[in-house]
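Dear colleague,

Please find below the structure that I am handing over to you. My findings follow directly after it.

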Amino acid sequence: MKKILLVYASMTGNTEIISDLIAEAIREEGYSITVKESLRADPKELIKYDGFILGSYTYEGGVIADEFMIFYEEMEQLDLSGKFGAVFGSGDSFYEDTFCVAVDLITEKLIELGANIVLDGLKIDLMPEGDEEERCKQFGREFIKRINS
């Protein structure tokens, strides 16, 4: 069975809720997943897993969360070739031009490091509610499907 890691940063709890929903769906598929806050994770851990999902909120006009930035910068020396990845995040659609841009920035970094990005980034406006909760779960289920195909 493939080993999966989910690393996230959350300030208001929105991104944490998204990560919980994704992890729940992966567990429902019968897979084990390790979930860590970015400040408690070492980027080198990504190499030990078959697949990983990274999540960050977008802060003030298009900046990756401070809590995630340390993790992001320390990924620089990694070779993620052969690893499966996906990215999610929360943002505020009030900031149209920079809505969830952290998702795009993290995705670009993973591609530079050789990761195989298996899903388009999941972008949630503030906190997932109603249909968006199901979108988060579907993201987790689809991740499992993609890394197994």
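The following paragraphs set out the overall fold, the surface and the interior.

Please bear in mind that this is a predicted model. The protein contains four helices and eight strands, and read from the N terminus the elements follow the order β-α-β-β-β-β-α-β-α-β-β-α. Its radius of gyration is 14 Å, close to the 15 Å expected from the globule rule for 149 residues, so the protein is as compact as a globular protein of that length. The C-alpha trace spans about 40 × 35 × 25 Å along its principal axes. Of the contacts with a separation of 6 or more, 78% are between residues 24 or more positions apart.

As to the surface, the accessible area is about 7400 Å², and carbon and sulfur atoms account for 45% of it. There are 15 positive and 30 negative side chains, with the centres of the two sets 10 Å apart.

Turning to the interior, 48% of the 149 residues are buried. The largest nonpolar core comprises 25 residues, and those with the most contacts inside it are L46, L54, F68, M75 and L110. At least two residues of this core come from each of β1 (4-8), β3 (51-55), α2 (66-74) and α3 (101-112); α3 contributes the most, with four. Leaving aside residues up to four places away in sequence, L110 touches F52, L54, M75, L80, V87, A115 and I117. Another core, of 22 residues, lies apart from the largest one and includes I18, L21, I33 and L122.

Yours sincerely

Conventions:
Residues are numbered from 1 along each chain as its sequence is written. This is a predicted model: local features need pLDDT of at least 70, side-chain atom pairs count only at pLDDT 80 or more; totals for chains, interfaces and linings use all residues. Side-chain values use heavy atoms; hydrogens and water are left out. The radius of gyration is taken over C-alpha atoms; the globule rule is 2.2 Å times the number of residues to the power 0.38. Buried means under 20% relative accessible area, exposed over 50%, partly exposed in between (1.4 Å probe, protein chains only). Contact means heavy atoms within 4.5 Å. Accessible areas come from the Shrake-Rupley method with a 1.4 Å probe; for residues, only the protein chains shown count as cover. Lys and Arg count as positive and Asp and Glu as negative; His and the chain ends are not counted. The place of a charge is taken as NZ of Lys, CZ of Arg, CG of Asp or CD of Glu. A nonpolar core is a set of buried Ala, Val, Leu, Ile, Met, Phe, Trp, Tyr and Cys residues joined through side-chain atoms within 4.5 Å.
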